[in-house]
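Here is a brisk tour of one protein fold. Keep the sequence and the 3D view side by side while reading.

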Amino acid sequence: MINKKNKVVLITGANRGLGLSISKRLSEKGYSVINGIRRTDNEIENAVYIEMIDIDGIKQTVNKILEKYSRIDILINNAGVYIDDPRKGFGNILRLNQDILEYTLRVNYIGPFTLINLIVPKMLEQGYGRIINISSGMGRLYEFDEYSYAYRASKLLMNTLSISYGKIFEELEKDIAITSICPGWLKTDMGTLQGVLDPEFVAANIVKILDKEKKAINGKFIRGENELDWCRK
């Protein structure tokens, strides 16, 4: 049985904002936190290099973590980009080019998919695992409009990971669960200073979710204490 206070956690995008807040919370609770960041010269403890568009690099990093810790109990897919943000002057889908679309999908969807695929076999072997996908309510079909297409599409695809893997985990007796979380409008670089939620507050809620039973979170879409619909507001 894995000690709840000694779980190995990998967090992507852990150098600032929500990722950093989650890292601090989990470290305070005794978890072994591995901070995935793009620049290892940052003053972040126990940091590993993870560039979400570098698939080979992701594989190498996961292998190094498994060599050192033998397992990854919790994966928090937090790293993300929001380039086509109208709040920062980006226009509608007519301004979107293929480079921005592909980059957004690689960071927000392909990278997390790669990490999940690499880590799930170890979770299946040990019989325990939690995967948290930091998504957005904007990744729902009925929220699509002419703006933020790349970001919305990437979060929609991220949500399908929680649905599809959730179906697999639901059929297993093993204590493995995957969840999409909409953090809400955060006061961060991505959320802008106009954001209404402090990342520390949201991080505390995410830590609580990690303590919940499998059936309460697996294959679900959660914001705060509420379950969201995958398609509708």
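## The sheet

Eight strands build an open sheet with mixed pairing, in the order β3-β2-β1-β4-β5-β6-β7-β8. The edges belong to β3 (47-49) and β8 (226-227). Each of these two has a single partner strand, so one side of each is left without a neighbour in the sheet. The model is a predicted one.

Strands of a sheet pair through backbone hydrogen bonds, in either a parallel or an antiparallel way. The pairings described below follow the sheet from the β3 edge inward.

## From the β3 edge to β4

Strand β2 (residues 32-37) runs parallel to β3, and 3 bridges join them. Here Gly36 stands opposite Val48 of β3.

Strand β1 (residues 8-12) is joined to β4 by 3 bridges, and the two run parallel. Ile11 stands opposite Ile76 of β4.

## Strand β4

Which residues cover the two faces of β4? The strand spans residues 74-77. Ile74 and Ile76 lie on one side, Leu75 and Asn77 on the other, and all are buried. Ile76 is thus a residue with two entries in this report: it is buried in β4, and it stands opposite Ile11.

On its other pairing, β4 meets strand β5 (residues 128-134). The two run parallel and share 4 bridges. Leu75 stands opposite Ile131 of β5. Both partners are buried: Leu75 in β4 and Ile131 in β5.

## Strand β5

Is β5 buried or exposed? Buried is the answer for 7 of its 7 residues, so the strand is largely enclosed by the rest of the structure. One side carries Tyr128, Arg130, Ile132 and Ile134. The other side carries Gly129, Ile131 and Asn133. Note that Arg130 and Asn133 are among the buried residues.

β5 also pairs with strand β6 (residues 175-181). These strands run parallel, with 7 bridges between them. Arg130 has Ala177 of β6 as its bridge partner.

## Crossovers

Two β-α-β units involve β5. In one, β4, helix α3 (residues 98-126) and β5 form a right-handed unit. In the other, β5, helix α4 (residues 149-170) and β6 also form a right-handed unit.

The loop between β4 and α3 holds Ala79. Ala79 counts as buried because its relative accessibility is 14%, below the 20% cut-off. Its C-alpha atom is 9.6 Å from that of Arg38, although the two residues are 41 apart along the chain.

## Helix packing

How do α2 and α3 lie relative to each other? The axes of helix α2 (residues 55-69) and α3 come within 10 Å and cross at roughly 30 degrees. Angles under 35 degrees count as roughly parallel, so α2 and α3 are roughly parallel to each other. Their crossing is right-handed.

Helix α1 (residues 17-28) packs against helix α5 (residues 199-210). The axes are 8 Å apart, at an angle of about 55 degrees. The pair is therefore oblique. The crossing of α1 and α5 is right-handed.

## Cysteines

How many disulfides does the structure hold? The count is 0. Cys182 is in no disulfide, and its nearest cysteine sulfur, that of Cys231, is 15 Å away. Cys231 is likewise in no disulfide, with the sulfur of Cys182 as its nearest, at 15 Å. A disulfide needs the two sulfur atoms within 2.5 Å.

The surroundings of the two cysteines can be read from accessibility. Cys182 counts as buried, at 4% relative accessibility. Cys231 is partly exposed, with a relative accessible area of 32%.

Conventions: Residues are numbered from 1 along each chain as its sequence is written. This is a predicted model: local features need pLDDT of at least 70, side-chain atom pairs count only at pLDDT 80 or more; totals for chains, interfaces and linings use all residues. Side-chain values use heavy atoms; hydrogens and water are left out. Buried means under 20% relative accessible area, exposed over 50%, partly exposed in between (1.4 Å probe, protein chains only). Two strands pair if DSSP finds at least two bridges between them. A crossover is right-handed if, with the strands pointing away from the viewer, the path from the first strand over the helix to the second runs clockwise. Axes are lines fitted to C-alpha atoms, for helices over the stretch in contact, and angles run from 0 to 180 degrees between N-to-C directions. Angles under 35 degrees count as roughly parallel, over 145 as roughly antiparallel, 65 to 115 as roughly perpendicular and the rest as oblique. A crossing is left-handed if the near helix is turned anticlockwise from the far one by less than a right angle, and right-handed if clockwise.
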